[in-house]
Amino acid sequence: MLLPVIAFIFILLLLALRHYRTPLRHRWRRRQARVMASQLCGRDRLQPPQLLYARLRAMDPLAFEELLLESFERRGHKVMRNRRYTGDGGIDGQVMIDGATWLIQAKRYAGAIRPEHVVAFDMLCQSRRCGGLFIHTGRTGPRSRLSVSHSGAVRIISGRTLLALLTGGPFPDLTISIELARPTTTTRKLK
């Protein structure tokens, strides 16, 4: 009789301590991301874009990653966070959209993004057979756009699209891009 009671108390204790599996720094960054997400969807929604970009660039880079994941969660998507921030292999998180897994890479740039970073992320997405979202606060140059347009596996999210994601505005449909990333099994002959 005593053994089941002890086992029950032990299970309750494990469930209570589950919250503390997440390191303190991660909890702080998630809290910072939740506060920023609430502000961007609420009172600060109509601020000028330049001010919003400045706020995003001033954030802790890891809290920016959490902000993006928080924004996807608020849209009802399932998010998979990494257990640690460093050594993540170029993946800052994952999101499930319409049953497809999308890898996320977040960059807080003030200038133009580097095409090499986009190409490396594209290769990573293709090797994992997933779509990718390269989300950044900088400018997207023509070489970066060209490198992404060849594969179709990666979508670059920046500018107004980034602000729409963060403020709860209309966000583009991502199902079209993931279809391009999947290999086709049948080939049709054009007439």
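This is a short talk on the sheet and two helix packings in a predicted model.

I'll start with the sheet. It is open and has five strands, in the order β1-β2-β3-β4-β5, with mixed pairing. At the edges sit β1, residues 78-80, and β5, residues 154-157, each pairing on one side only. Neighbouring strands are turned by 25° against each other on average, with direction ignored. At the β5 edge, strand β4, residues 131-136, runs parallel to β5, and four bridges join them. In that region L133 stands opposite R155 of β5.

Next, helix α6, residues 142-151. Which of its residues are buried? They are S144, S147 and V148. These lie on the same side of α6, because they cover an arc of only 95° around the axis. In general, an α-helix has 3.6 residues a turn, so residues three or four places apart point the same way. The cover over the buried residues of α6 includes β5 and α5, the latter being residues 115-128. On the face turned away from the buried side, the exposed residues are P142, R143, R145, S149 and H150. Just after α6, G152 takes a positive phi of about 80°.

Last, helices α3, residues 49-58, and α7, residues 159-167. Their axes come within 11 Å and cross at roughly 75°. An angle between 65 and 115 degrees counts as roughly perpendicular, so that is the label for α3 against α7. From α3 the contact uses P49, L52, Y53 and L56; from α7 it uses G159, R160, L162, L163 and L166. By class, that contact has seven nonpolar residues, one polar and one charged.

Notes: Residues are numbered from 1 along each chain as its sequence is written. This is a predicted model: local features need pLDDT of at least 70, side-chain atom pairs count only at pLDDT 80 or more; totals for chains, interfaces and linings use all residues. Side-chain values use heavy atoms; hydrogens and water are left out. Axes are lines fitted to C-alpha atoms, for helices over the stretch in contact, and angles run from 0 to 180 degrees between N-to-C directions. Helices (H or I, at least four residues) and strands (E, at least two) are DSSP runs, numbered from the N terminus. Angles under 35 degrees count as roughly parallel, over 145 as roughly antiparallel, 65 to 115 as roughly perpendicular and the rest as oblique. Contact means heavy atoms within 4.5 Å. Ala, Val, Leu, Ile, Met, Phe, Trp, Tyr, Cys and Pro count as nonpolar, Asp, Glu, Lys and Arg as charged, and the others, Gly among them, as polar. Two strands pair if DSSP finds at least two bridges between them. Buried means under 20% relative accessible area, exposed over 50%, partly exposed in between (1.4 Å probe, protein chains only). The arc is that of the directions from the helix axis to the C-beta atoms.
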